[in-house]
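I opened a new notebook page today and wanted to get to know one protein, a piece at a time. Here is what I looked up, in the order I went.

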Amino acid sequence: MNRFSRIIPLILLLVLGLLVGGCQTSGRTGQSGLAHVMRVIDGDTIVVNLDGRNYKVRFIGIDTPERGRPYYWEATQKTREMVLGKDVRLVKDVSETDKYGRLLRYVYVDDKFVNAELVKQGYALQFTLPPDVKYADLFRKLAAEAREKGVGLRSSNTAGLPSNSNNAGKQDIKFIGNANSQVFHYANCPYAKKIAPDNIVNFPSSEDAKSQGYRPCKTCNPK
Ligand SMILES: [Zn+2]
């Protein structure tokens, strides 16, 4: 037993060393990397240090309220509480960066999936933007549950919800699909505005929508 208790920590250290080493060598462009969180810009954007360089990271698949909107502060605080000063694991989906040059990543602290946690606790809405949709169904499910429970920005005040038009302005989204009907619209189509928040899928172009199997709306006839 004595010998055993001396060996176990050694084995753990070895395994940990292998894990950490494995993550670091995969680097920025790899599937995953360990990074240190230097700063939290808002609920869904952070600055990390990776191999001595700083990078902005935008969380994939979620959207937290913009500065000046209800729940902006709470969402930023929640992200701060979860990741600031910690080592996080970054996992990419399909895209390396968004058009602002921010790394698009799923963020993990130990085993905690931060993107999912923010939606689950009502600090973020799901924000589906193909091709990075690996966890879109999970985020949609968590968002629906948060709304049912009335937690976070899903509580009493719907003014806290980032509106479709806000998303459109921020991300230059011109096309919006309905995950249920698999129909897509111009963002300003009256039918687009009626899509339940949990079913919204954003497309930068109609080609993106069609490549995902979405059909154009017969009313607004998106080109
Ligand atoms: Zn339409």
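**First look**

I began with the whole chain: 34% of the 223 residues of the protein count as buried. I noted in the margin that this is a predicted model. I then looked up the elements and found 6 helices and 12 strands. For contacts in the protein between residues at least 6 apart in sequence, I read that 61% join residues at least 24 apart.

**The cores**

Which residues have the most contacts inside the largest nonpolar core? I found I62, V107 and V119, in a core of 33 residues. Then I listed the elements that give two or more residues to this core, and among them are strand 1 (32-42), helix 2 (72-83), strand 5 (87-91), strand 6 (103-109), helix 3 (114-120) and helix 4 (136-149). Strand 2 (45-50) and strand 3 (53-59) are on that list too. Another core lies apart from it, with 14 residues, including F175, I200, V201 and F203.

I went back to V119 to see what it touches. Leaving out residues up to four places away in sequence, I wrote down I62, A124, Q126, F139, L142, A143 and A146.

**Helix 4**

Several of those names took me to helix 4, where F139, R140, L142, A143, A146 and R147 are buried. Why do I say that they line one face of the helix? Seen down the axis of helix 4, the buried residues fall within an arc of 165°, so they line one face. I added a reminder from class: an α-helix has 3.6 residues a turn, so residues three or four places apart point the same way.

What does the buried side pack against? I found strand 4 (62-63), helix 3 and strand 8 (125-126). On the face turned away from the buried side, I noted the exposed residues D137 and E148. I also checked the length: helix 4 has 14 residues and reaches 20 Å from its first C-alpha to its last, close to the 20 Å expected at 1.5 Å a residue. Just after helix 4 comes G150, with a positive phi near 70°.

**Strands 2, 3 and 6**

Next I followed strand 2 into strand 3. The two run antiparallel and are joined by 6 bridges, and I46 stands opposite V57 in strand 3. They form a hairpin with 2 residues between them, and D51 in the turn has a positive phi of about 50°. V57 came up again when I turned to strand 6, since there V57 stands opposite L103. Strand 3 and strand 6 run parallel, joined by 3 bridges.

**The sheet of strands 9 to 12**

In what order do the strands of the open sheet of 4 strands lie? I wrote down 11-9-10-12, with mixed pairing. Strand 11 (200-203) and strand 12 are the edge strands, as each pairs on one side only.

I then took the pairs in turn:

- Strand 9 and strand 11 run antiparallel with 4 bridges, and the bridge partner of I176 in strand 11 is N202.
- Strand 9 (residues 175-178) and strand 10 (residues 183-186) pair in the antiparallel sense over 4 bridges, and N178 has V183 as its bridge partner in strand 10.
- Strand 10 and strand 12 (residues 215-216) run parallel with 2 bridges, and V183 stands opposite R215 in strand 12.

The hairpin of strand 9 and strand 10 has 4 residues between the strands, and Q182 there takes a positive phi near 60°.

**Odd angles and a last stop**

I looked for unusual backbone spots next. The peptide bond from P130 to P131 is cis, with omega near 10°, and P131 is in the loop between strand 8 and helix 4. Y71 has a positive phi near 75° and is not a glycine. I placed Y71 in the loop between strand 4 and helix 2.

Is Y71 buried or exposed? Y71 counts as buried, because it has 23 C-beta neighbours inside 10 Å, and the cut-off for buried is 20 or more. N221, in the segment after strand 12, also has a positive phi, of about 45°. N221 counts as exposed, because it has 10 C-beta neighbours inside 10 Å.

My last stop was K112, in strand 7 (residues 112-113). K112 is exposed, with 12 other C-beta atoms within 10 Å. K112 and V88 are 24 residues apart in sequence, and I read 9.7 Å between their C-alpha atoms.

Technical notes. Residues numbered from 1 in each chain as written. Predicted model: local features only at pLDDT ≥ 70, side-chain atom pairs only at ≥ 80, totals over all residues. Pairing = 2+ DSSP bridges. Contact = placed C-beta atoms within 7 Å. Core = buried A, V, L, I, M, F, W, Y, C linked by C-beta atoms within 7 Å. Expected span 1.5 Å × (residues − 1). Arc of directions from axis to C-beta.
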